[in-house]
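Biologist: I've got this one open on my screen and I'm a bit lost. Could you walk me through it, one question at a time?

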Amino acid sequence: MRRTKILAAGAAIGLAAAVAGCSSTKHASDTGGSSTGSNTVPALSANLKAGGTVTIANETGATWNCQFNPLTTNQQEANGYLYESLLYINPLQSSATPTPMLATSYAWNSTDTQLSFDVRSGVKWSDGTAFTAQDVAYTFNLLKQYNSLDTFALWTAPSGGGAGMTSATASGDKVTLTFSSNASVFFYDVANMVPIVPQHIWSTVGNPGNYTNTKPVGTGPFVVSSCSADNIKYTANKSYWMPNEPHVQTINYPAYLSNDPANNDLASGKANWGGQYIPSVNSFYVSKSTNFHIWSPPVANVSLIPNTVQGPTANLNVRQAIAYALNRAQIAAIGEQGEEPAANQTGVVTPTFNSFLNSSALSSSGYGAQNLSKATAALKSAGYSSSHPLSLTVKTVTGYTDWDADLQVIKQELAGIGINVTVLDEADNTFTSDLQNGNFQAIMYGPPAGPSPYYELHLMLDSANDQAIGSAGQGDYGRYKNSAVDAAFGAYAAATSPSAQQQALEQVETYMLNDVPLIPVVESVDWYQYSTAELAGWPSAADQYAQPSPWTYPDVEQVLLRLYSKTAQ
C-alpha cells in the first residue's frame, strides 16, 4: 500500500521539521553561502524531441474528485504537475546544491533570521498572466491569513515548534521572508515544499481552504486536459518557462481502488510508472520483461510508537523488552518479503543516512540484533513473564497489508517472552485521530521523510510538538519528554558545521537507545516500479536525482522533466 494518506495527515497537523539550509553562516549541508545563477535555467536533460506518454499505476483508494487545490488535500495530483516551489531540494542527497525553480537564487542574512529569494523572470501562469514576486509573497501571506493551510508551521512561534515567520514581502524581483529567530532548519519547507499560487486568481476565491480549484492555473510543466472520476489526463504546458520541456507530452493517472488492478497494469505493461507495494515483486513484475525495473530507496522508519505517559508502555522496562525481542531482519524478510529493510534502534535510516549513524553505540547497546535474554530480563523487571504475560494492543491502519504482516511476526516474537499482542486495524480517520490524541498503548506509524535524520526524529521526539493526552499533537505522538533531547534538536538547528550537527544527532541516538521512546521496525521505502520499454530518463540507484515514487512531490516534477520517449528521437 502507498503511504500518502498517513504522511499527509502528519503534515497537516503542522509538522515543523527540516534540514539546515544554505546560508551566509555556513550551516551544514551548505552549498557555500547563498546560491547564484541569476536567471539561469537548470540543465535537467538533453535537447530531445517531444513525444511519449506516462501512465501511472498507483492505488489511490478512491476515485478522483477532479479538484486541484495544492494547499489542501489535493497535493498529490496538483504539486509538481501543475504547481511549483521556489527550489527543489533532493532529500536523498542532502549535500547537493538546490535546483533553482521559480527562484533563481537565495541568501540568508548573518543571523539566519531573514531569507531572500530572487524570483525568476519570464515565467507565465498557464493562463498567460505573468508570474511575479508578488505571487510568492502573496502565497506565504495566505498561509498566515488562513493558518489551517500553514502545514509546516512557518508562521507559528518558535516556542510552539514553528519557524516564527513575521513577514513576507516583495520588491521588484526579490522576495524577503523575515523570522523572529534562527529559522535555517525550515529552509527545506520554505524553499522546497510550499507551492506558489497565482494572486490574480486566489485573491478572488474567498477561503482558499475551501477552494475546489477545478480549473487549475499553475506554472508547472503540465496542465489538466481532462478529468473524470476514473482518470486525470495531463498534457504538456505549451508555455512552460523551461526551454524544450517537458519532453513527455501526456500523463494518464487512472484511479485505482485497490492494489491488484494497479499491479496487473504494471505487470502487463499497460502502465509504466508505479509507486506501491507489490508482493513477490520479482516474480510478479520484474521477471516479466527486461524493461521492468524497481528501486525503492529507504527514506524513513516504520515504528511502533509506545505511549510513554500511560499504560504498560509507560514503563521503560516494557519498551526495552519489546525492542530487544524484535528480530527486525525476520520481520523485514517475512512481513515485507524483503522489499523493505530492517530498521535499527537509533532511528537513523540506512544506507540513506549512513554518515549520521553511531554504529558503535548501537552495537554496544545490545539492540543490534534480537536479544531474547535481555528481553526476558527487562520484562521480568516490569513484573511480567511467560507465566504472567502482559496484554498489549497495537493499532494500525486498515488496508496496509504489509504492516499487518509485520505485526503478525511481531506478535509471534513477543509471545515468546510473555507479551500477548492484540492487533487492532482502524480506518484512516480513526487511526489519525488516535495517533494525534495519544489514544493508544502502541501504534504503528511511518512519518514523513526529510533530507537528514533530524527531520523524522525532531517530529517524533521533540516535546514542543506534543499535547496532553486527548488533545491533537503536532508530533511526539508518544508524549515523550526529555529536555536533553529537546536541547540536542536546538543545537542541531544552530550548528555551524557538519561535526556539530553530527554531535547533536548522536545525542538523540543515545537517548533512542537508552529511553526507547520509539521502536523502529522496518525502513519505509519510496515504492517505485518503472518500465524502460518506451521511456528513458528514470531515476535509479545509479542516478538518485529525486525520490522516485509518482506520489512524492515536488520530486515528481523532477522525474517528469527528465523523462523522454525513445521512439520519438
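Biologist: Which strands does helix α3 lie across, and at what angle does α3 run to β6?

Modeller: Keep in mind that this is a predicted model. Helix α3 covers residues 133-145 and lies across β5 (114-119), β6 and β7. Its direction relative to β6 is an angle of about 160°.

Biologist: Okay, so what is the order of the strands in the open sheet of four?

Modeller: The pairing in this sheet is antiparallel. β4 (103-108) and β6 (165-171) each have a single partner strand, so they stand at the edges, with one side of each left without a neighbour in the sheet. From one strand to the next, the twist averages 15°. Put together, the order reads β4-β5-β7-β6.

Biologist: How many bridges join β6 to β7, and which residue in β7 stands opposite Ala168?

Modeller: In general, strands of a sheet pair through backbone hydrogen bonds, either parallel or antiparallel. β6 and β7 (residues 174-179) run antiparallel, and six bridges join them. Opposite Ala168, in β7, you'll find Leu177.

Biologist: There's also an open sheet of seven strands. Which strands stand at its edges?

Modeller: The order here is β8-β9-β10-β1-β11-β18-β12, and the pairing is mixed. An edge strand has a single partner, so one side of it has no neighbour in the sheet; that goes for β8 (222-227) and β12.

Biologist: And in β10, which residue is the bridge partner of Thr55?

Modeller: Look at β1 and β10 (residues 250-254), which pair in the parallel sense over three bridges. Thr55 has its bridge partner in β10, and that partner is Asn252.

Biologist: Which elements do the buried residues of α6 pack against?

Modeller: Start with helix α6 itself, residues 259-268, whose buried residues include Ala262, Leu266 and Ala267. Just after α6, Gly269 takes a positive phi of about 90°. The buried residues of the helix pack against β1 (53-57), β11 (273-274), α7 (281-284), β12 (292-294) and β18 (529-531).

Biologist: Last one! Which helix gives the most to the lining of the second largest pocket?

Modeller: That pocket has a volume of about 310 Å³. Of its 19 lining residues, the closest to the centre are Pro158, Gly162, Phe186, His458 and Ala493. By class, the lining has 10 nonpolar, seven polar and two charged residues. α14 (453-461) and α15 (483-494) each supply at least two residues, but the one that gives the most, with four residues, is α15.

Technical notes
Residues are numbered from 1 along each chain as its sequence is written. This is a predicted model: local features need pLDDT of at least 70, side-chain atom pairs count only at pLDDT 80 or more; totals for chains, interfaces and linings use all residues. Side-chain values use heavy atoms; hydrogens and water are left out. On a 1 Å grid over the protein atoms alone, a cavity is a set of points where a 1.4 Å probe fits but cannot get out, and a pocket is an open set with protein on both sides within 12 Å along at least five of seven lines; lining residues have an atom within 4 Å of a point. Grid points are joined across faces, edges and corners, and a volume is the space filled by probe spheres set on the points. Ala, Val, Leu, Ile, Met, Phe, Trp, Tyr, Cys and Pro count as nonpolar, Asp, Glu, Lys and Arg as charged, and the others, Gly among them, as polar. Buried means under 20% relative accessible area, exposed over 50%, partly exposed in between (1.4 Å probe, protein chains only). Contact means heavy atoms within 4.5 Å. Two strands pair if DSSP finds at least two bridges between them. Axes are lines fitted to C-alpha atoms, for helices over the stretch in contact, and angles run from 0 to 180 degrees between N-to-C directions.
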